[in-house]
Amino acid sequence: MERVVEIEAIDLACEVNNTNHHTHLNGVDRLIVRRGQTFTIHLHLREGTHFQNGDNIKFIAQTGPIPSVEAQTKARFSLSKVISRWSWSATAETHNSTVSLSVCAHTNAPVGRYTLILDQGDGVILGEFVLLFNPWCKLDSVYLANEAEREEYVLSQDGLIYRGTPKRITVLPWTFGQFEQGILDICLQILDESPNYISDAALDCSERKNAVYVTRVLSAMINSLGDKGVVVGNWSDDYEDGVKPTVWKDSCSILHQWSNEGCRAVRYGQCWVFAAVACTVSRALGIPCRVITNFGSARDSNGDLIMERFYNEFDENIADDSIWNYHVWVENWMTRPDLALGYEGWQASDPTPQHRSDGVFCCGPASVRAIKEGELTFKFNVPFVYAEVNADVVEYIKLRDGRVFKMGGSTTEIGKSISTKAVGRDEREDITHNYKYPEGSEEERKVFEKANHHNKLAKAGEEPGLHIKIRVTPDMQIGSDFDVYAEIKNNTMVTKSCRVMFYAQAVSYKGTLGETCGLGEFTEMSLASSEGECQELLVGSRCV
């Protein structure tokens, strides 16, 4: 017969746990903890109740409206001898009638509101808690090694935002206030109001384990286009039915207004407002974040990495492309398991609604190193951010008779004095070198050429590198001869020399290999850079 643990009272030890998890600034009236770090609660047992420490004591931790073990929104685990950070785990120590239960969430668990249940009978709810990303845990995807940077990019509630021009940079003090009362709940509410959650809540809650996914959702939800986003953008100078963007000095008043008015978008904001609110929400959820200003920021309307200025005979700019005095976005710190090794770290994310990505007004996260190296085929939206910081400018004059003449241009006008607040100091740090090589340098021009090459491939749906594909004639019939072709694409920037060998073997419907039915070898050949066009070789002809 199963022994029942009868509990008289439960102490979630919020003050101790929240302090240990760097969440005490949210308050100590409820439990707020981080992934991959132990928290301890105390179970006061009823008199006469015996607690036997062993694997027969089981627990459930679950989040979301449809908890599922398969979706990792529900975890079942037993008491063990030691804590594991590779899965949900728990240990217990007993002193008289009190059980001190230590629990550790998986380092890849979805963030959000959780219920902890003692799995006996119909289940005994031990408590509810909020689980956040953990920049202090080495196994968490947002781990940030430097303590001073964690203080600045996670815990600091105040910052500086830079505006103006490269020759006259102005400073806007901003209160992020991520730990102010009610803000964390509003941040979780933003996730719950996203179209992703509304269309498939179970999948959305499962994906909240991924900082890349959460950052992308926030990029869409901070602006109001296409969803129940937080802020309405306005660049018209007509703000009569709202608040002029320059009036805002903090994120919390914006977030409270959005929540209190039934998720109705707050009027109005511009780039620095969008970025500041995104920074608040990111830090509240535990994702390290900083606000970035790019001076001389390009808006490439057609995606060709060229800012084309067309002037008429009256010297009026009639082009769709535009160059802003400055533009503000955020960077979030995380690993990128979806990219090649070395492209983790700071990721640019832009919540200002100026670019559709997968049909949604969002941008990023784009690896800052990928931007610098011109890796425009990497996710997400690297070409757009690359153009913002490193597009070339070409100027034309268009006459009344339709003739167009090139007047000049610049390779150094875009992307100047890219700035963020320094760690631990109220000073500006120039991080232009993170986004691009020195203007006019050989490295910068090589990267621009590679970026152009990758951009053409991306538009054609191609990947860089050397690719081979085997095909047969579409009218092939069993019992008749058919031709086999190798389609080779050289999607690099240089001519490649290669030797092609072809080998074919028959296989039965049972999967049994039969005799060789094709063998061919071609002498070394030279393949020019194709940028999406393929070269075709007849590699064999065979009767089956």
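A helix here is a DSSP run of H or I at least four residues long, a strand is a run of E at least two long, and both are numbered from the N terminus. The loop between α9 (368–373) and α10 (382–390) is named on that basis. The model is predicted.

**Exercise 1. The loop between α9 and α10**

Task: Find where Phe 380 and Asn 381 lie, and describe the backbone at each.

Solution:
- Step 1. Place the residues. Phe 380 sits in the loop between α9 (368–373) and α10 (382–390). Asn 381 lies in the loop between α9 and α10 as well.
- Step 2. Recall the usual case. Most residues other than glycine have a negative phi, and most peptide bonds are trans.
- Step 3. Check the peptide bond. From Lys 379 to Phe 380 it is cis, with omega near -10°.
- Step 4. Check phi. Asn 381 has a phi near 60°, which is positive, and the residue is not glycine.
- Step 5. Check burial. The cut-off for buried is under 20% relative accessible area. Asn 381 has 14%, so it is buried.

**Exercise 2. Backbone features inside strands**

Task: What is special about the backbone at Tyr 268 and at Ser 417, and in which strands do they lie?

Solution:
- Step 1. Take Tyr 268. It belongs to strand β13 (residues 266–269). The peptide bond leading to it from Arg 267 is cis, with omega near 5°.
- Step 2. Take Ser 417. It belongs to strand β23. Its phi is positive, near 45°, in a residue other than glycine.
- Step 3. Is Ser 417 buried or exposed? Its relative accessibility is 18%, so it counts as buried.

**Exercise 3. The sheet of 6 strands**

Task: Write the strand order of the open sheet of 6 strands, then find its edges.

Solution:
- Step 1. Read the order: β20-β17-β16-β14-β23-β24. The pairing is antiparallel.
- Step 2. Find the edges. They are β20 (366–367) and β24 (428–430). Each has a single partner strand, so one side of each has no neighbour in the sheet.
- Step 3. Look at one pair. Strand β23 (residues 416–421) is joined to β24 by 3 bridges, and the two run antiparallel. Ser 419 faces Asp 430 in β24.
- Step 4. Add the helix. Helix α8 (residues 271–285) packs on this sheet and touches β14 (289–299) and β16 (322–334). The direction of α8 makes about 5° with that of β16.

**Exercise 4. The sheet of 4 strands**

Task: Which strands stand at the edges of the open sheet of 4 strands?

Solution:
- Step 1. Read the order: β1-β3-β7-β6, with antiparallel pairing.
- Step 2. Pick the edges. β1 (7–11) and β6 (89–95) each have a single partner strand, so one side of each is left without a neighbour.
- Step 3. Note the twist. It averages 25° from one strand to the next.
- Step 4. Follow one pair. β6 is joined to strand β7 (residues 98–104) by 7 bridges, running antiparallel. Ala 92 has Leu 101 in β7 as its bridge partner.

**Exercise 5. Two pairings of β9**

Task: Compare how β2 and β8 pair with β9.

Solution:
- Step 1. Recall the two options. Strands of a sheet pair through backbone hydrogen bonds, either parallel or antiparallel.
- Step 2. Take β2. Strand β2 (residues 31–34) runs parallel to strand β9 (residues 124–132), with 4 bridges. Leu 31 stands opposite Phe 129.
- Step 3. Take β8. Strand β8 (residues 112–118) pairs with β9 in the antiparallel sense over 7 bridges. Ile 117 has Ile 125 as its bridge partner in β9.
- Step 4. Look at the connection. β8 and β9 form a hairpin with 5 residues between them. Gly 121 in the turn has a positive phi of about 60°.

**Exercise 6. Two helices that cross**

Task: Describe how α3 meets α7, and say which residues make the contact.

Solution:
- Step 1. Use the geometry. The axes of helix α3 (residues 183–192) and helix α7 (residues 252–260) come within 10 Å and cross at roughly 60°.
- Step 2. Classify the angle. That makes α3 oblique to α7. The crossing is left-handed.
- Step 3. List the contact. From α3 come Ile 183, Ile 186, Gln 189 and Ile 190. From α7 come Cys 252, Leu 255, His 256, Trp 258 and Ser 259.
- Step 4. Sort by class. The contact has 6 nonpolar, 3 polar and no charged residues.
- Step 5. Check burial of α3. In this helix 7 of 10 residues are buried. Among them are Ile 183, Ile 186 and Ile 190.

Technical notes: Residues are numbered from 1 along each chain as its sequence is written. This is a predicted model: local features need pLDDT of at least 70, side-chain atom pairs count only at pLDDT 80 or more; totals for chains, interfaces and linings use all residues. Side-chain values use heavy atoms; hydrogens and water are left out. Two strands pair if DSSP finds at least two bridges between them. Contact means heavy atoms within 4.5 Å. Axes are lines fitted to C-alpha atoms, for helices over the stretch in contact, and angles run from 0 to 180 degrees between N-to-C directions. Angles under 35 degrees count as roughly parallel, over 145 as roughly antiparallel, 65 to 115 as roughly perpendicular and the rest as oblique. A crossing is left-handed if the near helix is turned anticlockwise from the far one by less than a right angle, and right-handed if clockwise. Ala, Val, Leu, Ile, Met, Phe, Trp, Tyr, Cys and Pro count as nonpolar, Asp, Glu, Lys and Arg as charged, and the others, Gly among them, as polar. Buried means under 20% relative accessible area, exposed over 50%, partly exposed in between (1.4 Å probe, protein chains only).
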